[in-house]
Amino acid sequence: MLIGNREYSGRTYIMGILNVTPDSFSDGGRYNSIDNALKHTEKMIRDGADIIDVGGESTRPGHIRISDQEETDRIIPVIERIKGEFDIPVSVDTYKSSVAAEAVRAGADMLNDIWGFKYDRKMAEIAAENKLACCLMHNRSEAVYRDFMEDVLSDLMESVNIAKSAGVGDERIILDPGVGFGKTYEQNLEVTNRVDMLGTLGYPVLLATSRKSMIGNALDLPSEERLEGTLATTVIGVLRGCLFVRVHDVKENKRAVVMTEKIIGRY
């Protein structure tokens, strides 16, 4: 898997989360100035991040949608500065093609779409035209399924087909099971435990569980106290063969990844 100027294969890599929003569920308002965003990016790289995922709109449950222009205004200066000051690929967390187009012009190397190209089909065209990697996340408006895991796989293949129909190459596609999106608490636990099933579709997998409500519900803890629960899911991700884990706490998760990989003889 080539993202920007880097090759990712054979182990589990860290995607560091950079929310430049005032209302994200766990770190809203902490990095929504350029200086704070750059300092945090530098820290995440120092702590072991392999890619930075920049988001300008909170997608937490009950979030308020913002305009395309406001989202663009939040992320573009940050992406430009990261690409200018650091040698690391940048992913943009958006499901809107107008935002994605501006992010690509600013230097973004990857599209991370919580609707798997189903909300805005032009996202797939932008990925294809610019030969970008893309992460296609599973999502549904309601947690209603006939056969949960089979339906998740079927939904993801719909996203893959949208991407491929637009001209996105197989080698540029990553799949995300969508923990916390369109699923019950029990379904989130199941898809995390069985995340290796996504690999049967033939694409690398990204697991994004960091500080999410599944962990809060399991441990009865607020978002700022979910590190240990996140680390447990990261270990599961490594053991299940995920290419990426998307996390807030880079240093701790990097250590968990390396330790797990040393135990299983992968590192």
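A residue counts as buried when its relative accessible area is under 20%, as exposed when that area is over 50%, and as partly exposed in between, with a 1.4 Å probe and protein chains only. The model is predicted, so local features need pLDDT of at least 70 and side-chain atom pairs count only at pLDDT 80 or more, while totals for chains, interfaces and linings use all residues. Residues are numbered from 1 along each chain as its sequence is written, and side-chain values use heavy atoms, with hydrogens and water left out.

**Stop 1: arginine 11**

Select arginine 11. This residue sits in the loop between β2 (6-7) and β3 (13-19). Helices (H or I, at least four residues) and strands (E, at least two) are DSSP runs, numbered from the N terminus. Is arginine 11 buried or exposed? Arginine 11 counts as buried because its relative accessibility is 16%. Now add glutamate 261: its side chain and that of arginine 11 are joined by a polar contact of 3.3 Å. A polar contact is a pair of N or O atoms within 3.5 Å; within protein, one must be able to donate a hydrogen and the other to accept it, and residues adjacent in sequence count only if both atoms are side-chain atoms.

**Stop 2: helices α8 and α9**

Select residues 227-239, which form helix α8, and residues 250-264, which form helix α9; their axes come within 9 Å and cross at roughly 35°. Axes are lines fitted to C-alpha atoms, for helices over the stretch in contact, and angles run from 0 to 180 degrees between N-to-C directions. The crossing of α8 and α9 is right-handed. A crossing is right-handed if the near helix is turned clockwise from the far one by less than a right angle, and left-handed if anticlockwise.

Which residues make the contact? On α8 they are Leu227, Thr230, Leu231, Thr234, Val235, Val238 and Leu239. On α9 they are Glu252, Asn253, Ala256, Val257, Thr260, Glu261 and Ile264. Contact means heavy atoms within 4.5 Å. Sorted by class, the contact has eight nonpolar, four polar and two charged residues. Here Ala, Val, Leu, Ile, Met, Phe, Trp, Tyr, Cys and Pro count as nonpolar, Asp, Glu, Lys and Arg as charged, and the others, Gly among them, as polar.

**Stop 3: helix α4 and lysine 131**

Select residues 122-129, helix α4, where Met123, Ala124, Ile126, Ala127 and Ala128 are buried. These buried residues pack against α3 (97-106), β6 (110-113) and α5 (148-166). Just after α4, lysine 131 has a positive phi of about 50°. Most residues other than glycine have a negative phi.

**Stop 4: the cysteines and methionine 137**

How many disulfides does the structure hold? The number is zero. A disulfide is a pair of cysteine sulfur atoms within 2.5 Å. Select cysteine 134: its nearest cysteine sulfur belongs to cysteine 135 and is 8.0 Å away. Cysteine 134 counts as buried at 0% relative accessibility, and cysteine 135 is also buried, with a relative accessible area of 0%.

Move on to methionine 137 in strand β7 (residues 133-137). Methionine 137 is buried, with a relative accessible area of 5%. Leaving out residues up to four places away in sequence, methionine 137 touches Asp113, Ile114, Trp115, Gly116, Leu156, Asp176, Gly178 and Phe181. Measure in the viewer from methionine 137 to isoleucine 17: the C-alpha atoms are 16 Å apart, with the two positions 120 residues apart in sequence numbering.

**Stop 5: arginine 172 and proline 177**

Select arginine 172, in the loop between α5 and β8 (173-176). Arginine 172 is buried at 18% relative accessible area. Its contacts beyond four places in sequence include Lys131 and Cys134, from the earlier stops, and also Met1 and Leu2.

Proline 177 is in the loop between β8 and α6 (185-193) and is buried, with a relative accessible area of 0%. Beyond four places in sequence, proline 177 touches His138, Lys183, Val191, Val195, Leu198, Val205, Leu206 and Leu207.

**Stop 6: two further positive phi values**

Select arginine 211, in the loop between β9 (206-207) and α7 (213-219). Its phi is positive, near 60°, and arginine 211 is buried, with a relative accessible area of 10%. End at aspartate 220, in the loop between α7 and α8. Aspartate 220 has a positive phi of about 55° and counts as exposed because its relative accessibility is 69%.
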